[in-house]
Amino acid sequence: MVFTVSLYASLIIFFLGLIYRGGTWFQREAGFYGQKMSASERFFSALKSMLAVIFSTKIVTLLQAFVLDVLLQRKILKESVLRWAMHMLIFWGFILLLFMHALGRIVTDALFSNYEPTLNPYFFLRDLFGLMVLAGVVVAVIRRFFLKIPRLMTSSMDKYAIGILAVIILSGFLLSGLKITSKTEFSNMAEEYAGWLSDEELQALESYWVSDYGLVSSDVTRPFEADVLDQGKQAHESYCAYCHAPAKSAFASYSTGKVLSPAAGAMDRAGFVGILWYIHFLSCFIGLAYLPFSKMLHIFSTPVTIMANAVMDEKKSKPENVATRQIIELDACTHCCTCSLYCSAMMGYEARQNTYILPSEKIAPLKALAAGRDLNEAETRAILEGIYLCTNCDRCTVVCPSGINLRQLWLNAREKLLQQGPAEPLVLSQLSFVRGLNRKKTPADSYPLPLEKADNAVSAKYRPLLDPERSIDLTPPAADRQQASGFENTFSYCFGCQNCSTVCPVVGNYEDPQEQLGLLPHQIMCSLGLGLTETAMGAKMIWDCLTCYQCQEHCPQNVNVTDILYELKYMAVAGVDEGRQNHDQAGGLR
Amino acid sequence: MMRYSFFIGCQIPSRVPQYETAARAVLKKFGVELADIRQFNCCGYPMRNVDKKAFLLSSVKNLALSENQGLDMLVLCNCCFGALKNAEHIMAEKGPLQDEVLGKIREMGLDYQGKTRIRHYLSVLYHDTGIAAIKKQLHKTYKELNIAVQYGCHALRPSTVTQFDDPVAPSLFDELVAATGAKSVDWTNKLECCGAPLIGTNDALSADLFSRKREAAIKAEADFFCTSCPYCQIQFDTVQQMLVEDNAGQKPLPSILFPQLLGLSMNIDSQTLGLGANKLDISKIESYLSKDKE
């Protein structure tokens with residue numbers, strides 16, 4: 001009764017969950033690009049494109065991806081043989097258990113006429129498959145909790161996934177091990193299949209089972225006489241053997257039974273067989289019902305992602321299909337952290353301790369944003385910084401075992417956050433290179449917005465200081481003077497020859513350089529000499545600096561002009577940066 | 001046999017992969033062995049504008065990785081080269097930031113003492129292989145080909161830090177180009193910035209600087225730009241293509257990467273050199289090749 005009710009309940013939750021999650025694939029959007037379309041338009045567009053692939057030569061590519069990357073998981077193998085072995089053991093072990101054990105009466109029965117779970121090879125295979133999963137889980141536990149792999153983060157979802165698998169498999173082994181030892185189970189079976197035997201014959205059978213089948217019983221005592229065992233064996237062969245392979249074939253369960261045997265009698269009497277049975281099937285049903293909401297959904301979303309990316313052409317794909325795929329991709333991430341192990345910007349993470357700089361850690365907040373959840377200000381700034389502190393080297397995309405096109409995902413999600421989010425000073429760095437290369441994809445009126453926001457946040461407060469009409473206090477406050485001498489102080493060697501401004505290609509580009517740039521390099525050096533650090537920080541010149549080092553190279557006084565401009569940029573950004581570094585204290589999303 | 005750790009940075013694998021394949025093919029012919037260190041990360045250059053610590057940590061981590069394998073580093077990108085060189089220079093001084101960076105590096109089980117020599121690809125060819133040895137490997141030479149070499153700022157300057165060549169009158173790149181039979185033309189903006197550092201932050205200024213360079217190179221009757229840096233190459237190739245699209249009728253001046261130029265005259269096939277991967281068509285370069293050596 002409990003079994004049936006919980007089975008159907010979990011199946012209903014499972015299917016409703018799948019429909020819900022599948023529905024979000026067509027409703028949500030991860031980023032900025034792509035026209036807004038209704039869910040049904042997106043669904044039919046995806047359907048149309050899928051059918052177009054199936055009835056074209058691309059079907060070969062699709063099947064190839066399915067066999068090599070989904071069934072054989074070539075992408076994980078490229079990364080690490082051990083991890084591939086781990087995942088293959090869990091994946092194949094579980095799939096085979098599902099079909100041969102859980103759905104044995106439906107699937108295996110239909111395929112093999114002689115199927116009985118207690119007959120070989122099935123009896124043996126069940127243990128083998130279970131042990132495969134267990135071995136994989138052990139490797140996963142070691143990898144996640146014992147090897148100190150830098151930047152490999154373990155979330156509560158990862159713990160849940162490992163935990164539910166471990167509970168299912170361990171309860172299974174304990175259950176079958178205890179059943180082997182169980183006198184109650186034996187008596188029930190004897191009654192059902194050999195109820196007409198005499199007491200003496202039954203006792204002989206029991207002795208034989210204690211001797212050879214791992215049964216634990218206090219009703220018969222060792223040592224057994226040879227003729228008793230013979231009699232028991234005869235009864236066994238007549239009534240049991242046709243349907244029961246030797247218990248030792250289920251080698252892992254048999255060994256478990258042997259380990260349990262000192263306590264087996266007491267456990268049997270206390271009803272542990274029933275308890276373990278409940279734990280086993282309930283954990284299976286919880287895993288099933290929760291699957292659509294857990295990272296185990298990747299058993300559906302990852303194959304879809306791998307196959308979609310195998311046939312989708314980045315330049316030709318319809319934007320609505322890219323939008324749909326990107327939402328599936330967010331669900332396809334297994335948080336294996338391969339991307340973060342090789343992320344080129346990893347030292348940016350080490351310097352700033354913002355976990356969202358790591359690609360694997362960006363997925364959760366992007367999912368939350370796609371679901372329309374509002375992040376608090378600290379979170380929004382952290383994810384924006386995290387997604388912008390990226391050198392666009394594409395390594396994450398190359399190594400992702402789930403085949404996610406992370407490169408395109410970042411580009412898309414980044415633009416949305418830049419447009420809608422707060423000012424991000426990183427926009428003023430060479431990290432903007434790729435955004436600039438892609439500028440034609442962004443509407444002309446939206447493109448400059450993030451730059452303007454960043455400029456405002458970083459420099460706006462210093463701009464009024466540049467007013468030529470302003471009277472300058474030549475004895476500036478002590479704090480200002482101190483700041484100026486806190487870094488590169490070679491500006492004090494400047495004798496005002498203006499070489500730096502003469503050779504500067506940026507200055508040379510303008511008819512009216514001072515209007516465009518605020519202060520020219522030599523004027524910045526002069527300002528610093530006067531202690532007017534903040535005035536210098538307001539000059540647009542520092543952000544339009546190419547860092548070509550012409551000024552510094554040509555300075556007859558060895559003033560490190562370019563390096564000084566760098567320091568001014570650091571100081572200008574520091575004013576904005578304060579308070580946004582330790583976003584983790586504000587509470588992470590995971 | 002020379003052996004280096006091979007530092008290709010971020011732009012080359014994602015946007016100029018032909019630079020890597022061409023450079024590998026050429027270096028192989030000269031017996032230069034390259035070790036790939038998978039744990040290399042960004043050189044720190046793109047973060048240098050806004051975060052000194054992230055820049056230094058990135059650079060020093062790479063140097064430490066190479067040092068711990070006892071290898072000097074061969075760098076293809078000028079901006080990576082400059083960043084690594086500047087980081088080395090900064091780390092040579094004492095200070096709280098340096099201590100913090102060293103501490104982090106040691107936490108990672110690495111050590112940094114500044115032993116690794118940072119070498120630019122062109123320097124290795126010029127100083128270690130040598131012009132004479134290069135000429136021996138040539139199967140064909142270019143005839144009547146005018147090349148505008150783009151040195152790139154971050155290799156040349158600050159010269160006290162990069163120690164690449166004479167910052168005012170460099171000749172290394174010109175001599176390497178001349179070795180292939182091509183003529184390295186004298187052009188006015190030769191030593192100036194390509195404009196790439198401002199792509200994405202001030203695109204108009206970046207385009208102005210490039211256009212000026214283009215005009216100067218055309219005036220000097222150059223047939224091609226020749227680059228040794230992915231940033232310069234992207235500016236001269238990818239961005240120039242965008243600019244040409246915007247200005248109908250403008251004739252582009254295509255850009256070839258130095259190992260492509262050299263590789264062709266060494267008889268390395270154009271597939272390996274990735275000529276087709278350039279955005280602007282450079283196939284006509286092969287018409288300048290002639291069998292008879294000088």
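Student: A residue is buried if 20 or more other C-beta atoms lie within 10 Å of its own, exposed at 12 or fewer, and partly exposed in between, with C-beta atoms placed from the backbone. How much of chain B counts as buried?

Tutor: 55% of its 294 residues. Keep in mind that this is a predicted model: local features need pLDDT of at least 70, side-chain atom pairs count only at pLDDT 80 or more, and totals for chains, interfaces and linings use all residues. On labels, residues are numbered from 1 along each chain as its sequence is written, while chains are lettered from A and ligands numbered from 1 in the order in which they are written.

Student: OK. What radius of gyration does chain B have?

Tutor: 19 Å, which agrees with the value near 19 Å for a compact globule of 294 residues. That radius is taken over C-alpha atoms, and the globule rule is 2.2 Å times the number of residues to the power 0.38. Along its principal axes, the C-alpha trace spans about 55 × 45 × 35 Å.

Student: And what share of the contacts comes from residues 24 or more positions apart?

Tutor: 80%, among contacts in chain B with a separation of 6 or more. A contact means two C-beta atoms, placed from the backbone, within 7 Å.

Student: How many helices and strands in chain B?

Tutor: 14 helices and ten strands. Both are DSSP runs numbered from the N terminus: helices are H or I with at least four residues, strands are E with at least two.

Student: Domains? Where are the bounds in chain B?

Tutor: Domain 1 is 2-120 and domain 2 is 138-290. The bounds come from an automatic or database domain assignment. The two C-alpha centres are 24 Å apart. Domain 1 puts 22 residues into the contact and domain 2 puts in 25.

Student: Which helix gives the most on the domain 1 side?

Tutor: Helix 2 of chain B, with nine residues. Its range is 17-29. That side of domain 1 has eleven nonpolar, eight polar and three charged residues. For those classes, Ala, Val, Leu, Ile, Met, Phe, Trp, Tyr, Cys and Pro are nonpolar, Asp, Glu, Lys and Arg are charged, and the others, Gly among them, are polar.

Student: Sheets next. What's the strand order in the one with strand 1?

Tutor: 2-1-3-4 in chain B, an open sheet with parallel pairing. Two strands pair if DSSP finds at least two bridges between them. Strand 2 (32-35) and strand 4 (118-120) are the edges, each pairing on one side only. Neighbouring strands here are turned by 45 degrees against each other on average, direction ignored. Axes are lines fitted to C-alpha atoms, for helices over the stretch in contact, and angles run from 0 to 180 degrees between N-to-C directions.

Student: How many bridges hold strand 3 of chain B to strand 4?

Tutor: Three, and the strands run parallel. B:Val75 has B:His120 as its bridge partner in strand 4. Strand 1 (residues 2-7) joins strand 3 through four bridges. There, B:Phe6 is partnered by B:Leu74.

Student: What about the sheet with strand 6 in chain B, what order?

Tutor: 7-6-8-9, again open with parallel pairing. Strand 7 (183-184) and strand 9 (255-257) are its edges. Strand 6 (146-149) and strand 8 (224-227) share three bridges. B:Val149 has B:Cys226 as its partner in strand 8. Helix 10 (172-179) packs on this sheet, touching strands 6, 7 and 8, and its direction makes about 155 degrees with that of strand 6.

Student: Is helix 10 of chain B largely enclosed or open?

Tutor: Largely enclosed by the rest of the structure, because six of its eight residues are buried. Among them are B:Leu172, B:Phe173 and B:Asp174. The buried residues pack against several elements, including helix 6 (121-129), helix 7 (131-136) and helix 13 (258-265) of chain B. After the helix comes B:Gly181, with a positive phi near 95 degrees.

Student: Last one: how many residues of chain B are in contact with chain A?

Tutor: 40, against 44 residues of chain A. Helix 3 of chain B gives the most to its side, with six residues. That side of chain B has 20 nonpolar, nine polar and eleven charged residues.
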